[in-house]
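Work through the exercises below with the sequence and the model open side by side. Try each task before reading its solution.

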Amino acid sequence: MGYLINNIFRSSFDPLSVFFLAVIAVVSLPSAVYSVGYMKGRYSSGKITLGWALLILFAASMALVVTVKNAFSFIIVWELMSLVSYFLVIFDHEHERSIQAGTIYIVMTHIGTAFIITAILIIFGHAHSFDFAAMKNACLFMPSGTKNLVFVLFLAGFGTKAGIVPLHVWLPYAHPQAPSHISSIMSGVMIKTAIYALIRFAVMIVGVESTWWGEALLVVAAVSCLVGVIYALMEHDIKKLLAYHSVENIGIILLGVGASVLFIKLSMPLAAAFAMAAGLYHLINHAIFKALLFLCAGSVYSATGKRDMEKMGGLIKVMPWTAATFLVGSMAISALPPLNGFVSEWLTFQAFFMGVVSAPAGIKIFMGILAGVLALTSGLAAACFVKAFGITFLAMPRSQNAACAKESPFSMKLAMVFLAMLTVVFGLAAPLILKYLVRVSGSVLSVDTSAAGFTLNNLIIAPRGSGGIYLSPSLLALGLIVIIGMTVLAVYAVWGRRRLTTGKTWDCGYYPAICLDQGGIPPVSDRGRDKLDPRTEYTATAFSKPFRIAFDFFLLPYRKTEKIRESFYHVKSFKYELYTTPVFKEYIYQPLLRAVFKISDSLKRAQSGSIHLYIAYIFITMLALIIFMSRF
Amino acid sequence: MEYLMLILSAPLVSGVIRKIKNDLRMRRGPGVFQPYYDLAKLFAKDEVVSENASWVFTITPFVVLASCVLALLFVPMPGAANPFVYIGDLLAIIFLLALGRFFLALAGLDTGSAFGGMGSSREMFISSLVEPVIFISIFAVCASPSFRFSSVVAGIALVLAVIAETSRIPVDNQETHLELTMIHEAMVLEYSGRSLALLELAAHIKQVVFFSILANCVFPVGILPVKILIIAAMIALVEVSVAKMRLFRAVDFLSFAIVLSVAALVISAVGL
Amino acid sequence: MEIMQLLLTGILFMTFVLAISKRLGAMIGAFRAQSLFLFFTTLYLAMKGRDIEIYIVAFLLLSVKVIAIPRLLSRMVKRIKAEGAAGLFVNPTLSIFIAMFLTYLSYLFTRRIMPFADRAQGEAVIISLAVTLIGLFIMVSRMKAISQIVGLLVMENGLFLVASSVSGGMPFFVEIAIFFDIFVCVIILGMFVYKINKVFTHIDVNKMRELKG
């Protein structure tokens, strides 16, 4: 046992590990508090115990993933993390969908692990040791072709866990299906461990070999951003929407990391450290606000029993706390000042700007376009969260469940408010955090960052030293508050108190149908209503229509209409359904799956079902081995 | 002080544009100070608020106004020493305006009116396509040390973006009140009285923000008021000479702007 | 030295008997005899090495493999009325030839992998390897489920032999654990056999291929 602890599970606490431990703690603790209220009444007491055990095991395995310093034990704890999360995904196993989601997840994650193990074994072949330090030394003498191969394997392997496009298919199924506090940990932290592993193995152990590594990372990241956010826009299941945003945000994080990898090879070490810090900053920010959003979504789910946004609405009046915290989370994820998402996206833009200013011409254009992609992404994300918040919480309730929803218990509110406050703190205290993160990224890239002043003082960020670009989120927030206060005061001083009349929303003079009935038109059950009702509200589907049309080359929308007739002339009701084609599923995974089934069908012949035959296989293999050994 | 002047003269710019448009169309139209009268009238009026609205609806005018004013403070002014540059830069302006837009779009949805929802949806749609244009053109401009050919191309791209952002023809039409064609107006449809006044003021300021970015960053010669007036005249000319596009033609319009901004970037990277 | 050879020959002989025995009762008897020889071998090694641990292991072997497991197996046979033919795929004549061939193979193999071992050790390894292979062969060539259990136990005996003769036995705890393991394994397999018998009214594993999906 002592041997095991000393040699296999020896932990390292270098700055990168400590940073990730902090990320894990920051999300896991509120989620645990939240689960007290969330699981109560929903599950039996035995299941709650099981939930706690799995939760603790999950957090512990993630902590081990980011601290072990031995590749062998890394694989063990990595698999442990995957397995525990699989069990958490199928926690509600009475739903058919959970099992299905779990299966997709476990298959994808194991494909990823296969890549990771292959890559680690290749390095082991050179290093003859699983120890990180020894592997690092061995990699100095590895041929560049092998390094490239190892990088691709790591990218595919960890990319599966991180959910980069096109390996993201499992994510929108698995994350929403888990209980909400687990979704928050999975989306907030688990996918980030893949980023950790990518930095640890590809950047720190193998070492960046050529510029195309960074370029590949950036392209993958940009595609993930766009695909994630476009799919999120089309999604009306609130938790699925959040899951797609995880794909998008992983893309943004990778934009920072990729830019850093590229800068390293362009011998711009300070820019590299800055870009890495930006990526890590977005990482912890995303952990915080995504966890917050998932917790809020869980709160909505337990209040209404639904996840479809089209069935909600008006919740801001019955669930004020959830609504307010969700609004904070939405603002953060839409990169609105002065919250944390804004700071990290601004930093990422500045990292690109450094590239645009001082990199070679080709890279300049590349970086500029990436900045455009990031801008488009954040614009679309803002649109998506206007939809998510507006349709879910504002206006009139769209269903009975939404109308009689109740605010969540104290423990859930506590967790949400805590995370919402962290969102604000991480925005306002940006210069301090940036200082710390630059140290972390300096240690990752072994760059001396003590000379680089990316901050002017504790209030102001200055990416280019004193070169003219500054940002101070705290002063910005102060400015906003002061201006709002001054406006309110000025308006009161000049025009006095606000005189308010409450009226109905304007309805184009759409009078009650009763008036029409008097004109001899027979009443139809749907008509006798009074003016505007929830059915006339703008829906999530309608909200996303412009985007659906603009991106139709990618989404390939199609519709199904069906008339339910009473007789030939009288159409009783009309069914209209709108779908978008899941491009990756349709054109990559389905053909792949079909091929696999075909191969396994032909392999089935070997599976006769006879035990003797199976033992005979073993027997023959053994004989063959013995004969082989005695020959050579 | 300069900034206070800018804020106070913001409605004037709108008035001037309106006046030029009317003159070009051979109409008489109101004087250039009409926007001030409108604001004064609105501020003095009572408000009607929908029964469905929540506190989001109430705070939105203030947030929108504050974000626009703060954004104006960040606009770099050549010559003048500006303490506000330490708080935020050009990119922060875009994020700030996004803050205002976010709340405005939420307020559009808040009343439960289909028009508001439609306006929010379209506004977010157009702005998300405009953002890349602004970012890429700013990068292209800042990447070149002085005023060059690439700055001109970036400037044209920015003009297209500004047209879309300030809800001008051919993307949006400030004068229409036909529900199906409105974008910005549809979002603020439910607002009245004082809140509406604040929002209108914010819209005027936002326009000045964009004009001064265009004036100071892209064409760094000449004095600001003159440049703003030239830009205003240019926008007015565009407005009277083209027809409003259908919403989905606006996609083509904006993708053209994106292509143009990328072209500016390429040109500046090549070194022209 | 002579005694050791004698004992090893006994083990091999009993394995051959196992390979050709047709009836379940005979198989169990042969297995008991084989385990008894194994016990004497271990006892001999223990006396030579004067090691208390090996004594314990030897008596454990006696109690588990010579007494407990065969009794359990014959009880099982009686309970499910599976007396009679063990159901051979390969007739006894061919079986003995195969067994001999396997022994020859293990002889070749051993000479190949450990050419410098002393004669006594070499013989022990050859025989234990042959026992293991024949155990596997037994598992392949019989129909009734109980013979699969016996085959597994024969293989285990072979492994035990190689461990104790080459390196003076495995670590004590491992040895104990393996005995426990085997015992539990037999019990579990026995329960499976009961269950199979109950569900299918026979224990002919050959007929279980209908279960295939």
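The exercises cover domains, chain contacts, one core residue and salt bridges.

This is a predicted model, in which local features need pLDDT of at least 70, side-chain atom pairs count only at pLDDT 80 or more, and totals for chains, interfaces and linings use all residues. Residues are numbered from 1 along each chain as its sequence is written, chains are lettered from A and ligands numbered from 1 in the order in which they are written, and side-chain values use heavy atoms, with hydrogens and water left out.

**Exercise 1.** Describe the interface of domain 1 and domain 2 of chain A.

Step 1. Chain A is divided into domain 1 (11-206), domain 2 (210-497) and domain 3 (558-632); the bounds come from an automatic or database domain assignment.

Step 2. The C-alpha centres of domains 1 and 2 of chain A lie 23 Å apart. Domain 1 of chain A gives 50 residues to the contact and domain 2 of chain A gives 50 residues, where contact means heavy atoms within 4.5 Å.

Step 3. The two domains of chain A bury about 4,100 Å² between them, 79% of it on carbon and sulfur atoms. Buried area is the accessible area (1.4 Å probe) that two parts lose on being put together, summed over both.

Step 4. The rule finds zero salt bridges across this interface; a salt bridge is a side-chain nitrogen of Lys or Arg within 4 Å of a carboxyl oxygen of Asp or Glu. By class, the side of domain 1 of chain A that touches domain 2 of chain A has 33 nonpolar, 13 polar and four charged residues. Here Ala, Val, Leu, Ile, Met, Phe, Trp, Tyr, Cys and Pro count as nonpolar, Asp, Glu, Lys and Arg as charged, and the others, Gly among them, as polar.

**Exercise 2.** Which three residues supply 34% of the area that chain A buries against chain C?

Step 1. The contact takes 19 residues from chain A and 21 residues from chain C.

Step 2. About 1,800 Å² is buried between chains A and C, and carbon and sulfur atoms give 79% of this area.

Step 3. The three residues are His612(A), Phe619(A) and Ile626(A), whose share is more than that of any other three residues.

Step 4. Across the interface of chain A and chain C, zero salt bridges are found. The side of chain A that touches chain C divides into 11 nonpolar, six polar and two charged residues.

**Exercise 3.** Is Ile199(A) buried or exposed?

Step 1. The relative accessible area of Ile199(A) is 1%, so this residue is buried. Buried means under 20% relative accessible area, exposed over 50%, partly exposed in between (1.4 Å probe, protein chains only).

Step 2. Leaving aside residues up to four places away in sequence, Ile199(A) touches Leu16(A), Met204(A), Val257(A), Met276(A), Leu280(A) and Val444(A).

**Exercise 4.** Set out two salt bridges of chain B, Arg101(B) with Glu165(B) and Asp252(B) with Arg249(B).

Step 1. In the pair of Arg101(B) and Glu165(B), the closest N and O atoms are 3.1 Å apart. The two residues are 64 residues apart, with Arg101(B) in helix H4 (residues 90-110) and Glu165(B) in helix H6 (residues 149-165) of chain B. Helices (H or I, at least four residues) and strands (E, at least two) are DSSP runs, numbered from the N terminus.

Step 2. Arg101(B) is buried at 5% relative accessible area, and Glu165(B) is buried at 7%.

Step 3. Asp252(B) and Arg249(B) meet at 3.8 Å, N to O. Both lie in helix H10 (residues 247-270) of chain B, three residues apart. Asp252(B) is partly exposed at 44%, as is Arg249(B) at 42%.
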